[in-house]
Amino acid sequence: MNNVAKLGAQLREIWKQLGVTQRITVASATVLLASGLLGIAWWSSRTPYSLLYGRLSAAEAGKVIAALDAAKVPYEIGVGGSSILVPQDKVYSLRMQLASQGIPNSDGVGFEIFDKPNFGISDFVQRADYIRAMDGELAHTISQIDAVESARVMIVMPENRLLLDQNKQPTASVFVHVRGGTALDPQTVNAIRFLVANSVEGLKPNHVTVVDNLGNVLSANEGNDSLAGLSNSQLAAQRAVEQCLTQKAQGMLDKVLGPGRAVVRVSAELNFDTLTRTSENYDPDGQVVSLQTKNDDTTRTSSTTPNVAAGISANTSASSNSTGTAGAPATTTQNERTTSTIQYQISKTTSNLVHSAGGIKRLTAAVTVAEQTKGSGADRQFIKRTPAELQQLSSMVSGAIGLDPARGDTLTLEEMPFNDQYATQVTHELEQQQKEDFWWTLVRNLIYPALGLIAFIVLFRLFKRTPVEEIPTGLPVSRGGGGKLNGNGNGHGAWVPEPQPGVVTVDVLNRLIKENPVNMTQAIRDWMDNDRRAN
């Protein structure tokens, strides 16, 4: 306690010896130092927060907040109310606790509906639960797309019957809540349709309808062989071909002339006819014996001619006839026949040629090239290109997109001045805005160091203008003064000067030097300077 009291007394003595400006400076520095220390202590003691859940709907955010309030867990709500932040060390434990309670669950239930055993349920209820679980799982998956905030899926499955009806097929409808109120691009819509179709047995992508929250039908149920489906596919193929050819020519001209110095448009006429041709060619010289048959036939016939007068044989008996013919001569006939059958196989060539749809029938390209310029502002002049240069550009574009004059393809290349006044104005405004942002950022970054430097200069000048408190010093160094001999009685001792009014003794001088060494040093210097001038 004594040391503390002495320190307090010394501080009070020092404070009394300071001037007004010095007191203000010391007080300001003390306040600033204390404020900085308090700010650092508050910032270091602050609990860091991390994201618990994001992209929540208002209903699900309310459920999460209610659960956090019940658990007495501090939280912060992010911008827009769709995100919730909690202390960093409690993020994962809270996610597990809320997941066990089924929070959040904005897109319906999934296959967790079958986690609880249900005995005695009918086939109809089980099938309805299965379709409901499929709807929820697909909605969960579709909601993971960046452009989709939430989604709902409704699947319609035909009833299971003994006799299947081919006209009844599964269908699905998808409702998406688009983030930011913008329309989904066709690629995302097709991804959603194929995702749903490949998740349901027997479902085709053409039987999936996608509708957004703005009431726009992003896809309709169209058969592959329907007129509408065929027209859409044909239009998509034509646009893809035209876009590909346009990019080829535009990219080449941008490299040659510079960005924005040419405009290319290509129109393609495609052949969507499907042709199947089958032909058979026979080669008469290519003969091969495939079957040979040879038949030999031999026929023998024997006959006897009797010697009887005409008309008697009819009136005589058989025995008499046989007796009369015993000596008659016999006639023998023998026939031989050979039949040969040979079958030849003639070589045959069969070809089947199929022409698929999508071939290019004709291309039409239009190219507009900006005229060359010289100078800027009011002195700006347009310079036309020579016919040889235009011909070179035309040949380059023709080779890039593959024009075929024999097919009837045409190319039109014109040169004219572009109206770039709006682009120039926008560019100037952007440059001006960038300059303003640069200088504002520079000033904002330098204003605090400048204020600190100004404060330092002001304090330094105040310190210099503060008058130094002069301490009257008067010690007779060159001349003797009154005093007495302090000895031991034998005539020897030291001379001790007696204190005089207005004169600082050595003891007082030592005490002043210890209490205020700076002022004493300055005072001694002034005294020595004055003494030097006096001599």
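## Exercises on a predicted model

The accessible surface of the protein is about 39200 Å², and carbon and sulfur atoms hold 56% of that area. The model is a predicted one.

### Exercise 1: Overall make-up

Task: State how many helices and strands the protein has, what share of its residues is buried, and what share of its contacts is made by residues 24 or more positions apart.

Solution.
- Step 1. The secondary structure consists of 12 helices and 16 strands.
- Step 2. The protein has 535 residues, and 17% of them count as buried.
- Step 3. Among contacts with a separation of 6 or more, 67% are between residues 24 or more positions apart.

### Exercise 2: The sheet with β1, β2 and β3

Task: Work out the strand order of the sheet formed by β1, β2 and β3, name its edge strands, and find which helices pack on the sheet.

Solution.
- Step 1. The sheet is open, its order is β1-β3-β2, and the pairing is antiparallel.
- Step 2. The edge strands are β1 (49-53) and β2 (76-77), each of which pairs on one side only.
- Step 3. Two bridges join β2 to β3 (residues 84-87) in the antiparallel sense. Here Ile77 stands opposite Ile84 in β3.
- Step 4. Helix α3 (residues 58-71) packs on this sheet and touches β1, β2 and β3. The direction of α3 makes about 20 degrees with that of β3.
- Step 5. Helix α4 (residues 91-100) also packs on the sheet, touching β1 and β3. The direction of α4 makes about 20 degrees with that of β1.

### Exercise 3: A residue in a loop

Task: Locate Ser83, decide whether Ser83 counts as buried or exposed, and list its contacts beyond four places in sequence.

Solution.
- Step 1. Ser83 belongs to the loop between β2 and β3.
- Step 2. Buried means under 20% relative accessible area. Ser83 has 15% relative accessibility, so Ser83 counts as buried.
- Step 3. With neighbours within four places in sequence set aside, Ser83 is in contact with Leu51, Tyr53, Gly54, Glu76, Ile77 and Gly78.

### Exercise 4: The sheet with β8, β11 and β14

Task: Give the order of the sheet made by β8, β11 and β14, explain why β8 and β14 each have a side without a neighbour, and describe the pairing of the strands.

Solution.
- Step 1. This is an open sheet of three strands in the order β8-β11-β14, and its pairing is mixed.
- Step 2. β8 and β14 are at the edges and each has a single partner strand, so one side of each lacks a neighbour in the sheet.
- Step 3. On average, neighbouring strands of this sheet are turned by 10 degrees against each other, direction ignored.
- Step 4. β8 (residues 262-271) pairs with β11 (residues 359-370) in the antiparallel sense, over 10 bridges. Val264 is opposite Val367 in β11, and Asn271 is opposite Gly359 in β11.
- Step 5. β11 pairs with β14 (residues 410-416) in the parallel sense, over seven bridges. The bridge partner of Val369 is Glu415 in β14.
- Step 6. Helix α9 (residues 387-401) lies across β11 and β14 and runs at about 140 degrees to β14.

### Exercise 5: A surface patch

Task: Name the residues of the nonpolar surface patch of about 590 Å², and place Ile454 in a helix.

Solution.
- Step 1. Trp440, Val443, Ile447, Leu451, Ile454 and Val458 make the patch.
- Step 2. Ile454 is in helix α10 (residues 421-465).

How values were computed
Residues are numbered from 1 along each chain as its sequence is written. This is a predicted model: local features need pLDDT of at least 70, side-chain atom pairs count only at pLDDT 80 or more; totals for chains, interfaces and linings use all residues. Side-chain values use heavy atoms; hydrogens and water are left out. Helices (H or I, at least four residues) and strands (E, at least two) are DSSP runs, numbered from the N terminus. Buried means under 20% relative accessible area, exposed over 50%, partly exposed in between (1.4 Å probe, protein chains only). Contact means heavy atoms within 4.5 Å. Accessible areas come from the Shrake-Rupley method with a 1.4 Å probe; for residues, only the protein chains shown count as cover. Two strands pair if DSSP finds at least two bridges between them. Axes are lines fitted to C-alpha atoms, for helices over the stretch in contact, and angles run from 0 to 180 degrees between N-to-C directions. Patches are made of residues with over 30% relative accessible area and no salt bridge: like charges are joined within 9 Å, nonpolar side chains (Val, Leu, Ile, Met, Phe, Trp, Tyr) within 5 Å. A salt bridge is a side-chain nitrogen of Lys or Arg within 4 Å of a carboxyl oxygen of Asp or Glu.
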